[in-house]
Amino acid sequence: MEYLEDIGLLKMDFLGLKNLTMISSITKMIGHDVLKNIDLNDPRVYELFINVKTDGIFQFETPAMKSLLSKLKPRSFNDLIAAVALGRPGPKEHVPSFIKRRNGEEKVSYIHPDLESILHDTYGILIYQEQIIAILVKIAGYSLAEADLIRRAVSKKKESVLISEKEKFTSRAIAKGYEKDVAVAIYELIVKFASYGFNKSHSVAYALIAYQMAYLKTYYPAHFFTQLLNDGDTKKNTYYLAYLKSKKIKFYKPSINNSNADYYIEDNKLY
């Protein structure tokens, strides 16, 4: 892909998610679009995340993410967005500090007060690529286009670009009135971020899909688990069927007259 970009060709990544198909299938099974105007601050939905009942929930069913949820105990959509980014392989070292700061157990600090407006929502910790752009613009007067090129270099871990840019950033920051040691410390923070950066727009989209699935699991569990049964991961079918049984869903064995290719719910009965 780098060779294509170097000669000026446009490279695109198209990400297909089966979870979008699953959400669509569940709403069709219910009979109407129950997700159209859902409240993103529904306490019952957050109970599911707080209690780590996230089997079948996009991005939140791995052991690592369940461990993060058990400590973070998300109470808002912003918490879910941060959790998606913090759950990536790179930022593990920042997770304990993020949780302590969020819970008021550790003081939130900034290299310079001007960073507070950019890092306030993440308790002084650099988590998102968009924060890099904002820092470059605010501290060193970069244009948004220039800042995005550095953001790309950071996300692609292009060390040669990051090293050569250090002097430019430092001199521009000094010209704007910042002390040299402050400018260097801020740039080193950006370079350190190169190992794990994630873009917030991606986190928001993923968090929304996860929240929609959690909403369906909370309010339409029979339809949610029926679709999981249709998902093809037969190793988990015993668990899904046991859950439906606990919800007093009546089962029917395969029938020539009533069965389809997939599982389906009708009148609170599973066919």
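Trainee: In which loop is Asn268 found?

Mentor: In this predicted model, the two elements beside Asn268 are strand E2 (265-266) and strand E3 (269-270). Asn268 is therefore placed in the loop between E2 and E3.

Trainee: Is Asn268 buried, partly exposed or exposed?

Mentor: Buried means under 20% relative accessible area and exposed means over 50%. The relative accessible area of Asn268 is 43%, so Asn268 is partly exposed.

Trainee: What is the phi of Asn268?

Mentor: Most residues other than glycine have a negative phi. Asn268 has a positive value, near 60 degrees.

Trainee: Which residues of H3 are buried, and how wide an arc do they cover around the axis?

Mentor: The buried residues in H3 are Val45, Tyr46, Leu48 and Phe49. They lie on the same side of H3, because the arc that they cover around the axis is only 145 degrees.

Trainee: What covers the buried residues of H3?

Mentor: The cover comes in part from other helices. It includes H4, helix H5 (77-86) and helix H12 (200-219).

Trainee: At the start of H3, which residue has a side-chain oxygen within 2.9 Å of the backbone nitrogen of Arg44?

Mentor: The backbone nitrogen belongs to Arg44. The side-chain oxygen that reaches to within 2.9 Å of this nitrogen is that of Asp42.

Trainee: Which residue with a positive phi follows H3?

Mentor: The residue lies in the loop between helix H3 (43-50) and helix H4 (63-72). Its phi is near 55 degrees, and the residue is Val52.

Key:
Residues numbered from 1 in each chain as written. Predicted model: local features only at pLDDT ≥ 70, side-chain atom pairs only at ≥ 80, totals over all residues. Heavy atoms only, no water. Helix = DSSP H or I, 4+ residues; strand = E, 2+ residues; numbered from the N terminus. Buried < 20%, exposed > 50% of the residue type's maximum accessible area, 1.4 Å probe, protein only. Arc of directions from axis to C-beta. Contact = heavy atoms within 4.5 Å. Polar contact = N/O pair within 3.5 Å; in protein donor to acceptor, adjacent residues only side chain to side chain.
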